[in-house]
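This report addresses the ligand site and the aromatic pairing in the structure shown below. Please keep the sequence and the 3D view at hand while reading.

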Amino acid sequence: MVAENYRAVEERIRLACARSGRDPEDVTLIAVSKTKPVEMIREAMEAGARVFGENKVQELCDKYEQLPGDLHWHLIGHLQRNKVKYIVDKAELIHSVDSLRLAEEISREAVKKGVEVRILIEVNVAQEESKFGVTVEEAPELVRQIAVLPQVHVEGLMTIAPYVDDPEENRPIFRALKKLAVDIKTKNIDNVHMDVLSMGMTGDYEVAVEEGATLVRVGTGIFGERNYAI
Ligand SMILES: *Cc1c(COP(=O)(O)O)cnc(C)c1O
């Protein structure tokens, strides 16, 4: 079932690309495997999945150890500063940087471990109380401050859109994140790229692709509903 789901999501991404005149090569599907066992990750791998997203440091590290080394792991959830040291050499991209203090800690650990760390700035475009992330207004200054830190590289932006019944409701959110990335790019800040846009989840990834997402984070649509009780 997981393999079929994965292929179906890929197909829908291709269709969304076709509708919006985009190259499917420019969109990467991240299979969000949080709370799901490694057996299910292996099923997704049968369908070709190689990029996985986790929102907890411990869970990412556990799965990283258990699975083949050719997989790519993305940390998509909130990151606490005291967990940074476990993740800098395992996560290919950290999606959830929303403060200078966190970026400074990432930089410190990157230098210590001799690695380069790629990050995204999490932007709370919808300004939901419950969400992490900086505001659209705060983002450019934070990017500027992080740009000078050693061995950490801002590659783009990430947002978590609200849960909605009609994905069209989130189109303005995705459009706003894209616009923000373009605005920051025009500032030509050294060591800053704005080529990665992480946006779109199970309920709205097709709209996100139409609006320029380069990474979509799909969990439920691939692995089924999550059960947090177990
Ligand atoms: C869980 C999670 C997802 C995947 O959500 P689904 O609705 O199951 O696709 C995407 N992004 C983040 C940051 C998440 O925590």
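How far does a polar side-chain atom of T202 lie from an oxygen atom of the ligand? In this predicted model, the separation is 2.4 Å. Two further residues, G219 and T220, also place an N or O atom at a short listed distance from a ligand oxygen atom, G219 through its backbone and T220 through its side chain. The three contacts are set out below.

| Residue | Part of the residue | Distance to a ligand oxygen atom |
|---|---|---|
| T202 | polar side-chain atom | 2.4 Å |
| G219 | backbone N or O atom | 2.8 Å |
| T220 | side-chain N or O atom | 2.5 Å |

On its own, the ligand has 390 Å² of accessible area, of which the protein covers 90%. The ligand occupies the largest pocket.

**Surroundings of the ligand**

The residues around the ligand are V32, K34, I76, I160, M201, T202, R217, V218, G219, T220 and R226. Sorted by class, this shell consists of five nonpolar, three polar and three charged residues. The nonpolar members include V32 and M201, while K34 and R226 are among the charged ones.

**Aromatic pairing**

How many aromatic pairs does the structure hold? There is one, formed by F52 and W73. The ring centres are 5.6 Å apart, and the planes meet at 35°, a tilted arrangement. F52 belongs to strand β2 (residues 51–54), whereas W73 belongs to strand β3 (residues 72–75). With their positions 21 residues apart in the numbering, the pair links distant parts of the chain.

Terms used:
Residues are numbered from 1 along each chain as its sequence is written. This is a predicted model: local features need pLDDT of at least 70, side-chain atom pairs count only at pLDDT 80 or more; totals for chains, interfaces and linings use all residues. Side-chain values use heavy atoms; hydrogens and water are left out. A residue is near a molecule or strand if one of its heavy atoms lies within 4 Å of it. A polar contact is a pair of N or O atoms within 3.5 Å; within protein, one must be able to donate a hydrogen and the other to accept it, and residues adjacent in sequence count only if both atoms are side-chain atoms. Accessible areas come from the Shrake-Rupley method with a 1.4 Å probe; for residues, only the protein chains shown count as cover. On a 1 Å grid over the protein atoms alone, a cavity is a set of points where a 1.4 Å probe fits but cannot get out, and a pocket is an open set with protein on both sides within 12 Å along at least five of seven lines; lining residues have an atom within 4 Å of a point. A molecule sits in a cavity or pocket if more than half of its atoms lie within 2 Å of its grid points. Rings of Phe, Tyr and Trp (its six-membered ring) pair if their centres lie within 6.5 Å; planes under 30 degrees apart count as stacked, over 60 as edge-to-face and the rest as tilted. Helices (H or I, at least four residues) and strands (E, at least two) are DSSP runs, numbered from the N terminus.
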